[in-house]
Amino acid sequence: MTRGRATIGVDIGGTKTLLALFDEKFRLLDHIKERTPAREKFEEFLLSSAAKLARRAEREARELVGVGVGCAGTVDLRGELTASPNVPFLAGYPLRSKLAKAAGAGVTLGNDAQLGLYGEHRLGAAVGLRHVIGAFLGTGVGGALIVDGELYRGAGGAAGELGHFLVSPLGRLAGSERKATLDDLVSRPGIAGEAAAIASRREAPGLERLA
């Protein structure tokens, strides 16, 4: 006899990968978090972690009803990851089928910013709002839209994406095929690179000491 249901949430970003097990009321039961591994170690970490959380649910007699995955990158309307600038080796990787086998449950895959805003709209800061713009700052800059109370993904699945908007046509090229995008300027690597340049020019003595 089951004690209830459980779900697994997975967040894959350029800096960290987090897997969490929740009960039917979205209370956290367990989690596994690590710096996003390199290509050769990524699959082992991801699948073994999903299997571990699935076993935890089984030990507690909870029915694992699904796995939700938010990944940095472009997810098309079929639910396939077509591009991931911050985790480039994931483009074309069969995330859904691999995770479904490891966890023994169905998998839903989406863009991390879109799913983050969806979660806020259903359970968090944006509950009850009809129109919402979400901006997420991290390894890159992610964006998403709620329009008329529904997640709006656009024709190609990337509506609301902020990171690759062109800010200056004369900027440097870093992590994008376009020069000086918002990603290049205000993401974590962009800010760190600018801080290093300022410190090297001795324009920020305090920052130079800290670094």
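The exercises below, each with a worked solution, explore a predicted model of one protein chain.

**Exercise 1. Strand pairing**

Task: Determine which strands pair with strand β1, and in which direction each pair runs.

Solution: Begin with strand β1, which covers residues 4-12, and look at strand β4, residues 62-71; nine bridges join these two strands, and they run parallel. One place to see this pairing is at G4, whose bridge partner in β4 is R62. Next, turn to strand β2, residues 16-23, which is joined to β1 by seven bridges and runs antiparallel to β1. Here T7 can serve as a guide, since its bridge partner in β2 is F22. Finally, follow the chain from β1 to β2, where a hairpin of three residues makes the connection.

**Exercise 2. The salt bridges of R56**

Task: Find which residues form salt bridges with R56, and classify each of these residues as buried, partly exposed or exposed.

Solution: The first step is to inspect D30, with which R56 forms a salt bridge whose closest N and O atoms are 3.3 Å apart. This pair links distant parts of the chain, for R56 lies in helix α1 (residues 39-59) and D30 in strand β3 (residues 28-35), with their positions 26 residues apart in the sequence numbering. The next step is to inspect E60, which also forms a salt bridge with R56, here with the closest N and O atoms 2.7 Å apart. For the classification, R56 has a relative accessibility of 21% and therefore counts as partly exposed, and D30, at 22%, counts as partly exposed as well. E60, in turn, has a relative accessibility of 16%, so it counts as buried, because the buried class takes in values under 20%.

**Exercise 3. A salt bridge and a network**

Task: Work out how D76 and R78 are classified by accessibility, and state which residues are joined into one network by salt bridges that share partners.

Solution: Start from the contact itself, a salt bridge between the side chains of D76 and R78 with an N to O distance of 2.7 Å. D76 has a relative accessibility of 12% and so counts as buried, whereas R78, at 60%, counts as exposed. As for the network, salt bridges with shared partners join E24, D30, R56, E60 and R62. In the whole model the count of salt bridges comes to eleven.

**Exercise 4. The span of helix α5**

Task: Check what span should be expected for helix α5, and how far apart its end C-alpha atoms are.

Solution: Helix α5 runs over residues 188-200 and has 13 residues. The expected span is 1.5 Å times one less than the number of residues, which means that α5 should span 18 Å, and this agrees with its end C-alpha atoms, which are 18 Å apart. Past the helix, R202 follows with a positive phi near 60 degrees.

**Exercise 5. Positions at the surface**

Task: Identify which residues form a nonpolar patch on the surface, and then place A125 in the chain.

Solution: The patch is formed by L137, V167, L185, V186 and I191, which together have about 440 Å² of accessible area. Of these, L185 can be examined further: this residue is found in helix α4, residues 182-186, and is partly exposed, with a relative accessible area of 34%. A125 belongs to the loop between α3 (112-123) and β8 (132-137), and its relative accessibility of 73% makes it count as exposed. From A125 to E150 the separation is 25 residues in sequence and 15 Å in space, taken from C-alpha to C-alpha.

Methods:
Residues numbered from 1 in each chain as written. Predicted model: local features only at pLDDT ≥ 70, side-chain atom pairs only at ≥ 80, totals over all residues. Heavy atoms only, no water. Patch = residues over 30% accessible without salt bridge, like charges linked within 9 Å, V, L, I, M, F, W, Y side chains within 5 Å. Areas by Shrake-Rupley, 256 points an atom, 1.4 Å probe, with all protein chains shown as cover. Salt bridge = Lys/Arg side-chain N within 4 Å of Asp/Glu carboxyl O. Helix = DSSP H or I, 4+ residues; strand = E, 2+ residues; numbered from the N terminus. Buried < 20%, exposed > 50% of the residue type's maximum accessible area, 1.4 Å probe, protein only. Pairing = 2+ DSSP bridges.
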